[in-house]
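Colleague: I have a structure open and would like to learn how to read it. Could we go through some features one at a time?

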Amino acid sequence: MLRCVALVLLALPLPSPLAAQVELLSTSGTTHSFKQLAQEVSQRTSVSLAPRLRIVKDFRHHAWVWMDAAQLTAVHKISQWLKKGGMLIVNGDPPTPITAKTFPATLGKWQHVPLDSALMRSFYLLNSLPTCQNKSWQVYMFHERLTIVAMPYPLLAFLRDQPSSKHPCFTTQDRETHVRVFINLLMVALATDYKKDQVHLPEILKRLR
């Protein structure tokens with residue numbers, strides 16, 4: 001009898017004390033449910049993602065935040081926050097192209113996502129990122145650290161429990177691809193000082209090709 005009880009106890013799922021607790025934070029919009037995404041993240045990684053998006057007024061108190069492109073107005077505040085280690089995800093195609101004029105040139109520079117970027121290999125090895133209407137992803141680098149990721153469509157609207165169907169690119173996109181991209185983003189955000197692994201980089205690039 002005792003042996004049976006022990007077997008039952010071992011079969012019970014126990015929460016991992018090492019799991020990282022992460023929230024999805026945005027500076028605008030409406031709070032949405034991401035229960036399915038949170039479940040997928042927890043099943044694949046050691047990260048525990050909160051099942052609801054939380055709206056915050058002051059992004060400077062958080063390590064990462066999602067912001068709509070139209071909100072890129074408080075450039076000085078964003079710049080200071082990025083210098084201290086923050087990471088910004090621009091959730092949607094900007095109304096005007098984001099260029100070096102948007103942020104001080106002394107802070108960093110914009111570029112298309114290179115193949116050896118942490119965004120392409122932090123968890124999944126990605127060959128490419130989804131495009132939208134011939135528009136691609138951009139990243140803003142500061143001291144070799146990825147500080148801003150600008151995507152050409154609102155990824156969160158696609159990944160929530162009740163996906164939006166208003167965006168023209170959503171009908172042709174694959175959810176699995178976007179979940180993998182999201183997890184890579186999450187891993188980069190959790191390791192804001194992500195460095196190139198010189199030991200494994202050649203093999204990673206070989207596999208990506």
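**Strand 4 and its neighbours**

Modeller: This is a predicted model. Start with strand 4, residues 87–90, which is covered on both faces: Met87 and Ile89 are buried on one side, Leu88 and Val90 on the other.

Colleague: Why do the residues of a strand fall into two sets?

Modeller: Side chains in a regular strand alternate between the two faces of the sheet. Here one set is Met87 and Ile89, the other is Leu88 and Val90, and all four are buried.

Colleague: Take leucine 88, then. Why does leucine 88 count as buried?

Modeller: Leucine 88 counts as buried because its relative accessibility is 0%, and buried means under 20%. Leucine 88 is part of strand 4. Between leucine 88 and alanine 63 there are 8.7 Å in space, C-alpha to C-alpha, although they are 25 residues apart in sequence.

Colleague: Which strands are joined to strand 4, and how do they run?

Modeller: Strand 3, residues 64–67, runs parallel to strand 4 and is joined to it by four bridges. One pair to look up is tryptophan 64 with methionine 87, its bridge partner in strand 4. Strand 7, residues 145–150, is also parallel to strand 4, with three bridges between them. There, valine 90 has alanine 150 as its bridge partner.

**Helix 5 and asparagine 184**

Colleague: Next, a helix. How many residues does helix 5 have, and what span does it reach?

Modeller: Helix 5 has 16 residues, and from first C-alpha to last it reaches 22 Å, close to the 22 Å expected at 1.5 Å a residue. Its buried residues include His178, Val179, Phe182, Asn184, Leu185 and Met187.

Colleague: Is asparagine 184 buried or exposed, and what does its side chain reach?

Modeller: Asparagine 184 is buried because its relative accessibility is 0%. It sits in helix 5, which covers residues 175–190. Its side chain reaches the backbone oxygen of leucine 119 at 2.9 Å. Leaving aside residues up to four places away in sequence, asparagine 184 touches Leu119, Met120, Arg121, Ser122, Phe123, Tyr124 and Leu126.

**Two positive phi values**

Colleague: What should I look for in the backbone angles?

Modeller: Look at the sign of phi: most residues other than glycine have a negative value. Glutamine 133 has a positive phi, near 50°. Asparagine 134 has a positive phi too, near 65°.

Colleague: Where are glutamine 133 and asparagine 134, and are they buried or exposed?

Modeller: Glutamine 133 is in the loop between strand 5 (109–112) and strand 6 (138–142). Asparagine 134 is likewise placed in the loop between strand 5 and strand 6. Glutamine 133 counts as exposed because its relative accessible area is 53%. For asparagine 134 the relative accessible area is 81%, so it is exposed.

**Confidence**

Colleague: What is the mean pLDDT of the protein chain, and which elements have the lowest and the highest?

Modeller: The mean for the protein chain is 76, with 70% of its residues at 70 or more. Among its elements, helix 1 (residues 2–11) has the lowest mean pLDDT, 34, and helix 2 (residues 35–44) the highest, 95. Over residues 1–17 the pLDDT is below 50, and this stretch has zero contacts in the model beyond near neighbours in sequence. Residues 195–201 also have a pLDDT below 50; that stretch has six contacts beyond near neighbours in sequence.

Terms used:
Residues numbered from 1 in each chain as written. Predicted model: local features only at pLDDT ≥ 70, side-chain atom pairs only at ≥ 80, totals over all residues. Heavy atoms only, no water. Helix = DSSP H or I, 4+ residues; strand = E, 2+ residues; numbered from the N terminus. Buried < 20%, exposed > 50% of the residue type's maximum accessible area, 1.4 Å probe, protein only. Polar contact = N/O pair within 3.5 Å; in protein donor to acceptor, adjacent residues only side chain to side chain. Contact = heavy atoms within 4.5 Å. Expected span 1.5 Å × (residues − 1). Pairing = 2+ DSSP bridges. pLDDT = per-residue confidence, 0-100.
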